[in-house]
Amino acid sequence: MLRDDELRVERAYLDAAYDRVLAMRGSAEGMAGTARRLTETRNVQAMFERDSAIAHAGHRLAALDIAKERLLVGRLDLADGSCLYVGRLAVADEHGDPLVVDWRAPAAEPFYRALPHDPMGVVRRRHFRWRQGELVGLDDEVFDVTAAGEAGLHLVGEGALMAALDAPRTGRMQDVVATIQAEQDVVIRRPRAGVTVVQGAPGTGKTAVALHRAAYLLYAERARVAGAVLFVGPSSTFLRYVEDVVPSLGEDRVVLATPADLGPPVAVSKVDPPAAAAVKGDLRMVDVLARAVRAHERAPRVGIELWAGRFRLVVAHDDLAAIVVTARRRSTTHNAGRALVERLLLRALEAAYRNGLERDHRIGRIGAEGVRYAPPLIDVVDRGALAQALHAMWPLLRPEGLVRRLLASPRRLATAGRDILTPDELDALHASSEDGDGWSEADVALLDEADLLLGPVPTRPERAGRRRRSLDHVAERILEERLPDCPRCGRPLEYLPGEASGSDRLDCRECKATYATTTLMGDPAANELHGVYEELAHQFDEGDVPAVRPADARYGHVVVDEAQDLSPMQWRAVARRCLTQSFTLAGDEAQAVRAGAAATWDGILGALGVAAGSVARHELTVNYRTPAEVMELAARLLEQYAPHLHPARSVRTAGVGPRRFHTGGRPLGAAYIADAVADIRRDVGAGLVAVVTPEQLVADGNGGAEHLTAVDAKGLEFDGVVVADPEAIVRESPGATGMARLYVALTRATTSLTILAPTPPGPPLEDALGPFEPAPAR
């Protein structure tokens, strides 16, 4: 009865708070509607204000787009007699008094941090539990029994955290605002500056911490986190799993990306062999690529010979070498140096041209006026030969061409990698190029490094009179009202913008006449017309606007999950996206499953190049996901290959231990896997089931469950997991990474785990996995 009374009170408060959310939505919709009604205005400034108001209303509506059951997460009763409701969104009543406090606000901090020995002024903390959109349960913790009794506060509930952990998986990660624990909250609320390292074993919630930290920083340090926060996850599968979390917290300024997105826009279509991936991820490739670029900056040994009319112009090798040295010294990137090389080469050719003219003058072939009025060199030189000479000395390069030619040529690799890479490493790089024309994820980091060295390819400026961009109808009318009519035929003129008002033109299609705007309108009016056009074009261009790629932006903070699996070269790509060196790095050294990965925190921080004094390290010690029965087995495996690391303490049990079966030497066909999945279904019902297999088994039937490799399963969780052929999983990757892959596979289950092998594993897996039984007869 007490529980029902308390629920009625909380439901009534929820109804009142949500009514205010609906009212706030109505207000935002009204603001957007008012702004849209300004669409026919002819005033440029008014249209700018219109767009700003619409954008602001859109952001507000997105934040207020929250279901009723997601509004509140709990309540705090404080020692001063006040009460605070904590939710995913701040809500105020019509007088501005708070009804709900945003979970990221300082006032909400005790909801996550209060402990019996440090209650932070909290008398009672209440968690709300939901089921199918209804508030169905309350879970209370009392920190001061005397104060609670004096205030008439009652204690109800069974534990919100355990209820959330026991819920079936849905295939999409949910936010954990209601169940953030104290050690997690310390990380989430840490200041933005510097590097925050979060070491967490499987199931400790490091991904949730990383995502909630991104949302927290956008709330608490909005002014310092300019633009957006970049969140880097290990794979597109993983990003689909977590993509709903941050929007559910009311933020839309978190950009999700994988390491494959942090480079030039190429399609990743292949996977490198471990040996090639390890070399491509090594920091030595920085020097290899720099050498590859310098190999394209060269002075031809025989010099250059060009014809300019009747003159044979020769520039000797030493002079060309001096040009190359000067361009290298004065240019920030390779492609930026091309223009300097062209100027210096033309200067040398001009000197040879003038010498030829002076020689003709001395022998009487031409007079003084022939020298003075000779045509400019650029008008008489063989331009095709000049272009070839420039290309031979200093070609314009793009990252894709540079890297592809380097990997495809044993000669170029040997030159660039001499005394840097071993012969076996050079062979591995070349072999990776023979698998087709596609790119691997490791290649993207090389392309990004090459892009940094090369810089953009210079483009020719558009000539005056370029066709102007298409504008919306209101902007077109604003522009047309400022245009004069043709002085010859009286018809409307068409405006053709140049780079500045002095190069703008007005065309008449009727009489084919062209006028300079300054001639027809005068300087003040022409300047005003050009300025109005640029503003309108910037605001209302209806042409295709290319989407900003994650690689092309810079961020005030970068969050990287599964950080242990990025290679040093990929860390350089990450660092280039955050010039302030403000990072949150979440990972687990024990789960480094990729060849060439930095793997350890010292390796990661070294690749990032951050100062040791700017790093704050945290370790999450409680495993909320993996049941104790599974973690006990995984801990024995961890002891085999990473004894310096310690497994997290599991807070829950599943009531069923891991099952281990072998097929007596028979291949692990789809039928055996389907039987194992069906067996797990009896434990988890309609929950999610996955089969983690070696790569060669992934394509075999699905057996009623999703099939994944250990690498693809990293970061995901399932109610039940079948691990197929553990020894083959280990053999796929050399060294500790193979064992780490098996460790990842074993720790994906939240309830039930089955290990299926052709034969009982031998050492070293025998001791870790324990005894295997024959698979049930089919």
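In this predicted model, helix α11 (residues 284-294) and helix α17 (residues 399-408) have axes that come within 11 Å and cross at roughly 100 degrees. That puts α11 roughly perpendicular to α17, because angles of 65 to 115 degrees count that way. On the α11 side, the contact uses V288, L289, A292 and V293, and α17 brings L402, V403 and L406. Sort those residues by class and you get seven nonpolar, no polar and no charged.

Helix α11 has another partner to look at: α18 (residues 410-417), with axes that come within 8 Å and cross at roughly 115 degrees. Again the helices end up roughly perpendicular, α11 to α18. The crossing of this pair is right-handed. Here V288, R291 and A292 of α11 meet T415, A416 and G417 of α18. The mix by class is three nonpolar, two polar and one charged. V288 and A292 turn up in the contact with α17 and also in the contact with α18.

Here are the two helix pairs side by side.

| Helix pair | Axes come within | Crossing angle |
|---|---|---|
| α11 and α17 | 11 Å | roughly 100 degrees |
| α11 and α18 | 8 Å | roughly 115 degrees |

Now for the sheets. One is an open sheet of six strands, ordered β9-β8-β15-β16-β7-β17, with parallel pairing. Its edges are β9 (254-257) and β17 (615-620); each has a single partner strand, so one side of each is left without a neighbour in the sheet. Going from one strand to the next, the twist averages 15 degrees. Within this sheet, β15 (residues 557-560) and β16 (residues 583-587) run parallel and pair over three bridges. One bridge to follow on screen links V558 to F583 in β16.

Another open sheet, also of six strands and with parallel pairing, reads β22-β21-β23-β24-β20-β25. At its edges sit β22 (706-708) and β25 (773-774), each pairing on one side only. Strand β21 (residues 689-692) is joined to β22 by three bridges, and the two run parallel. For A690, the bridge partner in β22 is E706.

Helix α27 (residues 670-684) packs on this sheet, where it touches β20 (659-662), β21, β22, β23 (718-724) and β24 (749-757). The direction of α27 makes about 155 degrees with that of β24.

Conventions:
Residues are numbered from 1 along each chain as its sequence is written. This is a predicted model: local features need pLDDT of at least 70, side-chain atom pairs count only at pLDDT 80 or more; totals for chains, interfaces and linings use all residues. Side-chain values use heavy atoms; hydrogens and water are left out. Two strands pair if DSSP finds at least two bridges between them. Helices (H or I, at least four residues) and strands (E, at least two) are DSSP runs, numbered from the N terminus. Axes are lines fitted to C-alpha atoms, for helices over the stretch in contact, and angles run from 0 to 180 degrees between N-to-C directions. Contact means heavy atoms within 4.5 Å. Angles under 35 degrees count as roughly parallel, over 145 as roughly antiparallel, 65 to 115 as roughly perpendicular and the rest as oblique. A crossing is left-handed if the near helix is turned anticlockwise from the far one by less than a right angle, and right-handed if clockwise. Ala, Val, Leu, Ile, Met, Phe, Trp, Tyr, Cys and Pro count as nonpolar, Asp, Glu, Lys and Arg as charged, and the others, Gly among them, as polar.
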